[in-house]
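The following note sets out points for a colleague who is examining this model. The points are numbered so that each can be checked against the coordinates.

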Amino acid sequence: ESYAVLLGSGVENKAGLLLALSDDVAARGLDAGALVKEIAKAVKGGGGGTKTMAQAGGKTPEKIPEAVKAGAELLKGKLS
């Protein structure tokens, strides 16, 4: 089944993001590693990973809701 999952968490003044894509979604030209780097800018961080699984960290956990919302919009745009 197809999926694109973006999770965010904040612990002790640190932000964490996780992006997972199913193989068929990645085959449509999406790269979780590249996408999470873009999304992580919202939490003043960076990250990376493979085409199907990536994680990022940042310094502003209060920005996680904005990052997840922006990430969802980015994914929707790429999947449309």
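1. In this predicted model, helix α2 spans residues 32–40, and its buried residues are Ala32, Gly33, Leu35, Val36, Ile39 and Ala40. Viewed down the axis of α2, these buried residues fall within an arc of 165 degrees, so they line one face of the helix. The general geometry of helices is relevant here: an α-helix has 3.6 residues a turn, so residues three or four places apart point the same way.

2. Against which elements do the buried residues of α2 pack? Their partners are the strands β1 (4–11), β2 (14–21), β3 (45–49) and β4 (53–58), together with helix α3 (64–79).

3. The start of α2 deserves separate mention. There, a side-chain oxygen of Asp31 comes to within 2.9 Å of the backbone nitrogen of Gly33. Gly33 is also one of the buried residues of α2. Asp31 itself counts as partly exposed, because its relative accessibility is 25% and the partly exposed class lies between 20% and 50%.

4. Asp31 has a second interaction: its side chain meets that of Lys51 in a salt bridge, with an N to O distance of 3.9 Å. Asp31 is located in the loop between α1 (23–26) and α2, and Lys51 in the loop between β3 and β4, so the pair ties together parts that are 20 residues apart in sequence. The N to O distance of 3.9 Å falls within the 4 Å cut-off for a salt bridge.

5. How many salt bridges does a search of the whole structure find? The search finds four, among them the pair Asp31 and Lys51. Another joins the side chains of Lys41 and Glu38, at 3.3 Å from N to O. Lys41 is exposed, with a relative accessible area of 56%, whereas Glu38 counts as partly exposed at 43% relative accessibility.

6. A further salt bridge links the side chains of Lys76 and Glu73, at 3.7 Å from N to O. Both residues lie in helix α3, three residues apart, which is about one turn of the helix. Lys76 is exposed, its relative accessible area being 51%, while Glu73, at 46% relative accessibility, counts as partly exposed.

7. Turning to the strands, four of them form an open sheet in the order β1-β2-β4-β3, and the pairing is antiparallel. The edge strands are β1 and β3, each of which pairs on one side only. On average, and with direction ignored, neighbouring strands of this sheet are turned by 15 degrees against each other.

8. The pairing of β1 with β2 can be described in further detail. These two strands pair in the antiparallel sense over eight bridges, and Lys14 in β2 is the bridge partner of Val11. Helix α3 packs on the sheet and touches β1 and β2; the direction of α3 makes about 170 degrees with that of β1.

9. Is Ser22 buried or exposed? Ser22 is located in the loop between β2 and α1 and is buried, with a relative accessible area of 4%. The cut-off for a buried residue is under 20%. When residues up to four places away in sequence are not counted, Ser22 touches Glu1, Ser2, Tyr3 and Thr52.

How values were computed:
Residues are numbered from 1 along each chain as its sequence is written. This is a predicted model: local features need pLDDT of at least 70, side-chain atom pairs count only at pLDDT 80 or more; totals for chains, interfaces and linings use all residues. Side-chain values use heavy atoms; hydrogens and water are left out. Buried means under 20% relative accessible area, exposed over 50%, partly exposed in between (1.4 Å probe, protein chains only). Helices (H or I, at least four residues) and strands (E, at least two) are DSSP runs, numbered from the N terminus. The arc is that of the directions from the helix axis to the C-beta atoms. Contact means heavy atoms within 4.5 Å. A polar contact is a pair of N or O atoms within 3.5 Å; within protein, one must be able to donate a hydrogen and the other to accept it, and residues adjacent in sequence count only if both atoms are side-chain atoms. Two strands pair if DSSP finds at least two bridges between them. Axes are lines fitted to C-alpha atoms, for helices over the stretch in contact, and angles run from 0 to 180 degrees between N-to-C directions.
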